[in-house]
Amino acid sequence: MKNWLICTDSFKDAATATEVCKAIAMGIQQSSPQSTIQKIPLSDGGDGFITLGKALGWGKTVTMPSFDALQRPIQADYLWEQDTRTAWIGVAEASGIQELKASERDGRLTSS
């Protein structure tokens, strides 16, 4: 029996880190049904960071007004852990970069 540890980030514009881990695990299970698989979705702090933090129970979700990378008003979440007084802020979410259309992703026009 083989043991597998799957740790992956998201695939930009295609799948979340959790979805990528599940897809890889499905492929392994098909070819090696007796394998033991542990999935650990990761984030580099960009897209998906707050979603991952929510799934891991890092704190209470707080929604605040913000502005996207083109300075349009948006609502963005961050996580607040009261006991340690820690705020988990995902810049990708706070700046709304993940919500931009491909045609709007122009570093000369956007800002975080």
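1. Buried means under 20% relative accessible area, exposed over 50%, and partly exposed in between, with a 1.4 Å probe and protein chains only. Glutamate 104 is therefore buried, at a relative accessible area of 18%. The same terms are used for the other residues below.

2. This is a predicted model, in which local features need pLDDT of at least 70 and side-chain atom pairs count only at pLDDT 80 or more, while totals for chains, interfaces and linings use all residues. Residues are numbered from 1 along each chain as its sequence is written, and side-chain values use heavy atoms, with hydrogens and water left out.

3. Parallel strands. Helices (H or I, at least four residues) and strands (E, at least two) are DSSP runs, numbered from the N terminus. Two strands count as paired if DSSP finds at least two bridges between them. Strand β1 (residues 3–8) and strand β2 (residues 36–41) meet this with six bridges, in the parallel sense. Between β1 and β2 the chain passes through helix α1 (residues 17–31), and this β-α-β crossover is right-handed. Right-handed here means that, with the strands pointing away from the viewer, the path from the first strand over the helix to the second runs clockwise. Asparagine 3 has threonine 36 in β2 as its bridge partner.

4. Residues of β1. Leucine 5 is found in strand β1 and is exposed, because its relative accessible area is 53%. Its C-alpha atom is separated by 6.0 Å from that of lysine 39, although leucine 5 and lysine 39 are 34 residues apart along the chain. Threonine 8 also lies in strand β1, but threonine 8 is buried, with a relative accessible area of 12%. The C-alpha atoms of threonine 8 and aspartate 83 are separated by 29 Å, with these positions 75 residues apart along the chain.

5. Nonpolar patch. Leu5, Ile40 and Leu42 make a nonpolar surface patch of about 240 Å². Patches are made of residues with over 30% relative accessible area and no salt bridge; like charges are joined within 9 Å, and nonpolar side chains (Val, Leu, Ile, Met, Phe, Trp, Tyr) within 5 Å. The accessible areas come from the Shrake-Rupley method with a 1.4 Å probe, and for residues only the protein chains shown count as cover. Isoleucine 40 is found in strand β2 and is partly exposed, with a relative accessible area of 31%.

6. Antiparallel sheet. An open sheet of three strands has the order β3-β4-β5, with antiparallel pairing. β3 and β5 stand at the edges with a single partner strand each, so one side of each has no neighbour in the sheet. Neighbouring strands of this sheet are turned by 35 degrees against each other on average, direction ignored. For such angles, axes are lines fitted to C-alpha atoms, for helices over the stretch in contact, and the angles run from 0 to 180 degrees between N-to-C directions. β3 and β4 run antiparallel and are joined by eight bridges. Within this pairing, serine 66 stands opposite isoleucine 74 in β4.

7. Positive phi values. Glutamine 71, in the loop between β3 (60–67) and β4 (73–81), is a residue other than glycine with a phi near 70 degrees. Arginine 85 lies in the loop between β4 and β5 (86–88) and has a positive phi of about 50 degrees, although it is not a glycine. Arginine 85 counts as exposed, at 59% relative accessibility.

8. Salt bridges. The structure holds four salt bridges, a salt bridge being a side-chain nitrogen of Lys or Arg within 4 Å of a carboxyl oxygen of Asp or Glu. One of them joins the side chains of arginine 108 and aspartate 106 (2.9 Å, N to O). Arginine 108 counts as exposed at 73% relative accessibility, whereas aspartate 106 counts as buried at 19%. Asp68, Arg72 and Glu104 are joined into one network by salt bridges that share partners.

9. Arginine 72. In that network, the side chain of arginine 72 meets that of aspartate 68 at 2.6 Å, N to O. Arginine 72 also forms a salt bridge with glutamate 104, the closest N and O atoms being 2.9 Å apart. This second pair links distant parts of the chain, 32 residues apart: arginine 72 is in the loop between β3 and β4, and glutamate 104 in the segment after α3 (91–94). Arginine 72 is partly exposed, with a relative accessible area of 35%, whereas aspartate 68 counts as buried at 5% relative accessibility.
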